[in-house]
Amino acid sequence: MPDTRRPDADETSPSRTAATPALPIPTRRQMLGAAAAGGALWMAGRAHAQGMAGMPMGPMSGGMAGMPGMGAAPAHAPRPARFERPLVIPAQLQGQPRADGSLGYALRMSAGHSELLAGVRTPTWGYNGAYLGPALRVPRGKQVRIAVRNDLNQATTTHWHGAHVPGRMDGGPQSLIAPGQSLVYDFALDQPGATLWYHPHPDGLTGAHVYAGLAGMLLVDDGVDRALDLPRTWGVDDIALILQDRRMDAGGRLLYMPSMMDRMGMKGNRFLVNGREQPYVQVPAQWVRLRVLNGSNARVYNLAFAEGQSFHVIAGDAGLLARPVEMRSLLLAPAERAEILLDLRRLQGKALVLRSDSGSVVPGLSSMPMDADIFDHQGFDLLQLRVGAPLARSARLPAKLVSIPALRPDAPVRHFSLQGMMGSMMAGGMQAMGGMAGAARASANAGPGGMSLGIGMQHLFSINHQFMDMAVINQRVRLGSTEVWEVSNDAEMAHPFHLHGTSFQILDRDGSVPPEHERGWKDVVFVRRNETVRLAARFDQPAGRAHPFMYHCHILEHEDNGMMGQFTVA
Ligand SMILES: [Cu+2]
């Protein structure tokens, strides 16, 4: 049936420019073949376990010492430098006005070295620098042109998480950029002001590439925060916080998936904010806005202030809430964002510590005790806020924020079920895994400093008992429709479910309305085990077979090992 609204989307890819001749991109089969020899080595695990470097060890440490990834720290590992270095404020890119009226942005992925831990030089990857990337500020509705150049040693992609763009501009696994090449994206974001982000999305390698340091914020600016007089002075009373955890070896190199346990999700034992371990930030004694992104591969944070200070959540993943919601702790799963306002007006001269109060919530998220590490049981500090003198211009906390029109579904309910390792085994996953041999990557294409690229593309986790396969379109959605997606978690642990190309509203969790802070636009929903969540989403962006959209778990080791599917919108 012809549909006049549908552009010939997939005939036109984003334009590619090559400074050097294009390198052939290895297929999945070639990558696995090249890596086969390394599999057995990986299986043997690491004789020298890396563990809780320099951190106080709880009573559990003795029992875990014999397990890979759970052992004692090397004696010479530096202790955390708690609140000794200032927070790095990501640069803002506002875009260069171009002759055609659009705004131009340039990102370059390359390798470098970073001081993630004080005094330790770590090989890393970054956008326009050695680690993470600038915040791209994009005015709503404005045509933008973003050139992304890949100067890494291997192909990858850059995906605009949360952006309403056509499939061919989404930067999914099909949009690989070979080393030495650039990909130019052209789009306009017609969606509410929000804190979105960007990161690589190659099939089976997303976890490793993000872990190496590739991520940054993408801010949609619709002027509403100005009209509401919300704090909006970048780096002063509007602070971007990218939360990540990392594990390093004694030489300061990033360790990625060194143990079998890490298949459940790569967690670190050092806690970074904007690429520095436990930094501090100077803030004025007034209303301050924190834009928090959980940029971790697998770690869940239960954000709280050590002093018990409450805060107001004003925005979720994809836009402002209807009104601020006062909270004392906030669970933030991988890829979720929250904007919070903090009242510091009477706290001049004081300091607050933002931490994860994990112990009360996180261990209970999984039925398998080993999914929670010692930090999940005890919590950990992230950032110190040092409150200085107020500034002349002070913003406020409005009573009301925006009105959010409720979506009206007009299509049958689409069902999704999530399976963990046990459920996936029944779907035949274990046979496909080649007897747990694993597939460590060829060292010629290692990550920064020789970092392992993990074991992507194993059949370990599934959605609807299907494993990610780039050759398979799992769902077909009609362009312009508003659908209900019902996501049931049959797995042992909680999974953050994300879909591309749109934002959604959570209709209910197990039949109950979601908590107030989840009643705005979102693009990630954390689905607990045995829970069924219903979402409503409108599909206004086209995506054809050549560049379909993804739905997946945003624990990156789950996504990379089967827990992803593809859908077209036409
Ligand atoms: Cu998952």
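This is a short walk through the sheets, a few single residues and the confidence of one chain.

Okay, so first off, what you have in front of you is a predicted model. The chain has 570 residues, and 53% of them count as buried. In terms of secondary structure, we've got eight helices and 33 strands, so most of what I'll talk about is strands and how they pair.

Before that, a word on confidence. The mean pLDDT is 86, and 83% of the residues reach 70 or more. There are stretches to watch out for, though. Residues 1–77 stay under 50, and over that stretch the model has 125 contacts beyond four places in sequence. Residues 431–443 are also below 50, with 30 contacts beyond near neighbours in sequence. As a general point, coordinates predicted with low pLDDT shouldn't be read in detail. Keep that in mind if you're tempted to look at those contacts.

Now the contacts across the chain. If you take the ones with a separation of 6 or more, 80% of them are between residues 24 or more positions apart.

On to the sheets. One is an open sheet of five strands, and the order goes β15-β23-β22-β17-β20, with mixed pairing. At the edges you'll find β15, residues 280–284, and β20, residues 330–332, each pairing on one side only. From one strand to the next, the twist averages 25 degrees. If you want a spot to zoom in on, try β15 against β23, which is residues 380–388: the two are parallel, over five bridges. There, Val283 has Val387 in β23 as its bridge partner.

There's another open sheet of five strands, ordered β2-β6-β11-β10-β8, and again the pairing is mixed. Here β2 (92–93) and β8 (159–161) are the edges; each has a single partner strand, so one side of each has no neighbour in the sheet. For β8, look at its pairing with β10, residues 194–199, which is antiparallel over three bridges. Trp160 sits opposite Tyr198 of β10.

One strand that shows both senses of pairing is β7, residues 143–150. With β4, residues 103–114, β7 runs parallel over seven bridges, and Leu103 has Val144 in β7 as its bridge partner. With β9, residues 181–188, β7 runs antiparallel, and seven bridges join them too. In that pair, Val148 is matched with Leu183 in β9.

Now a few single residues. Go to Asp237, in the loop between α4 (224–227) and β12 (238–246). Is Asp237 buried or exposed? Asp237 is buried, because 24 other C-beta atoms lie within 10 Å. Leaving out residues up to four places away in sequence, Asp237 touches Pro231, Pro284, Gln286, Trp287, Val288, Arg289 and Ala395. Take Trp287 from that list: Asp237 and Trp287 are 50 residues apart along the chain, yet their C-alpha atoms are separated by 7.2 Å.

Last, two backbone oddities. Phe83 isn't a glycine, but its phi is positive, near 60 degrees. Phe83 is in the loop between α2 (61–64) and β2, and it counts as partly exposed, because it has 19 C-beta neighbours inside 10 Å where 20 would make it buried. Asn274 also has a positive phi, near 50 degrees, and its loop runs between β13 (270–273) and β14 (276–277). With 22 C-beta neighbours inside 10 Å, Asn274 counts as buried.

That's it from me.

Conventions
Residues numbered from 1 in each chain as written. Predicted model: local features only at pLDDT ≥ 70, side-chain atom pairs only at ≥ 80, totals over all residues. Pairing = 2+ DSSP bridges. Helix = DSSP H or I, 4+ residues; strand = E, 2+ residues; numbered from the N terminus. Axes fitted to C-alpha atoms, helices over the stretch in contact; angles between N-to-C directions. Buried ≥ 20, exposed ≤ 12 C-beta atoms within 10 Å, placed from the backbone. Contact = placed C-beta atoms within 7 Å. pLDDT = per-residue confidence, 0-100.
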